[in-house]
Amino acid sequence: MREPEKKMTKTQRLDRIVPDAETYFAFDKAELKPGAVDKLDVLLESIRSSEGIERILVSGHADRTGPEEYNKRLSQRRAEAVEAYLRERVGTATPIKTVGKGESTPIVTCPNETGSKLIACLAPNRWVEIDAEIKVISQ
């Protein structure tokens, strides 16, 4: 007698989007800039065309200016701003989790800059990453 085939289910990353910081957030702000909408709409098309989306994780980041705890809250608010935009368009069927990582993952350090030049230099550290995971069934 032959045993039935077992189906294995695993989660696989569909995509990781690391947006251009200048497009998404201004210094010390958590509101999406107008250019962010177009980039998020491209991501939404990718999500909608993929079957089996299991969850979306939005991680917010901040630069090192200001107190660490403030930056953690700011990065959380940035992640929540992206979540709100995505939620409006994908509904509640797809779980979306947000996390604020503060200044823990800098892209640039700008050690020789001060004042407004430092703020401009640190712009790449004001970003979000968006991970979408799909369920893959293998036999």
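**Chatting through salt bridges, Ser75 and a crossover**

Q: Hi! Let's start with Lys101: buried, exposed or partly exposed?
A: Lys101 is partly exposed, because its relative accessible area is 34%. Keep in mind that this is a predicted model.

Q: Thanks. Which side chain meets Lys101 in a salt bridge?
A: That is Glu129, with N and O 4.0 Å apart. Glu129 sits in strand β4 and Lys101 in the loop between β3 (96–100) and α4, so this salt bridge ties together parts that are 28 residues apart in sequence.

Q: And Glu129, buried or exposed?
A: Glu129 is buried, since its relative accessible area is 8%, and buried here means under 20%.

Q: How many salt bridges are there in total?
A: The count is three.

Q: Okay, which residue does Arg126 pair with?
A: Arg126 forms a salt bridge with Asp63, and the closest N and O atoms are 2.5 Å apart. Arg126 is in the loop between α4 (115–121) and β4 (128–138), while Asp63 is in the loop between β2 (53–60) and α3, so the pair links parts that lie 63 residues apart in sequence.

Q: Are those two buried or exposed?
A: Both Arg126 and Asp63 are buried.

Q: What about Glu88, which residue does its side chain meet in a salt bridge?
A: Glu88 meets Arg89, at 2.6 Å from N to O. Glu88 counts as exposed because its relative accessibility is 63%. For Arg89 the value is 31%, so that residue counts as partly exposed.

Q: Changing topic: where does Ser75 lie?
A: Ser75 is part of helix α3, which covers residues 68–90.

Q: Buried or exposed, that serine Ser75?
A: Ser75 is buried, as its relative accessible area is 0%.

Q: So which backbone oxygen lies 2.8 Å from a polar atom of its side chain, I mean Ser75's?
A: The backbone oxygen of Lys72 does. On top of that, the backbone nitrogen of Gly102 is 2.7 Å from a polar atom of the Ser75 side chain.

Q: If we skip neighbours within four places in sequence, which residues is Ser75 in contact with?
A: With those neighbours left aside, Ser75 touches Gly60, His61, Ala62, Gly100, Lys101 and Gly102. You'll recognise Lys101 as the salt-bridge partner of Glu129.

Q: Now Arg77. Where is its place?
A: Arg77 is in helix α3. Its relative accessibility is 35%, so Arg77 counts as partly exposed.

Q: Leaving aside neighbours within four places, what is Arg77 in contact with?
A: With that exclusion, Arg77 is in contact with Ala30 and Tyr70.

Q: And how are the C-alpha atoms of Arg77 and Thr98 separated, in Å?
A: They are 9.0 Å apart, and the two residues are 21 residues apart along the chain.

Q: Let's finish with the strands. How many of the eight residues of β2 are buried?
A: Six of the eight are buried, so β2 is largely enclosed by the rest of the structure.

Q: How many bridges join β2 to β3?
A: Five bridges join them, and the two strands run parallel. One of the pairings puts Leu57 of β2 opposite Lys97, its bridge partner in β3.

Q: Through which element does the chain cross from β2 to β3?
A: The chain goes through α3, and the resulting β-α-β crossover is right-handed. Helix α3 is also where Ser75 lies and where Arg77 has its place.

Conventions. Residues are numbered from 1 along each chain as its sequence is written. This is a predicted model: local features need pLDDT of at least 70, side-chain atom pairs count only at pLDDT 80 or more; totals for chains, interfaces and linings use all residues. Side-chain values use heavy atoms; hydrogens and water are left out. Helices (H or I, at least four residues) and strands (E, at least two) are DSSP runs, numbered from the N terminus. Buried means under 20% relative accessible area, exposed over 50%, partly exposed in between (1.4 Å probe, protein chains only). A polar contact is a pair of N or O atoms within 3.5 Å; within protein, one must be able to donate a hydrogen and the other to accept it, and residues adjacent in sequence count only if both atoms are side-chain atoms. Contact means heavy atoms within 4.5 Å. Two strands pair if DSSP finds at least two bridges between them. A crossover is right-handed if, with the strands pointing away from the viewer, the path from the first strand over the helix to the second runs clockwise.
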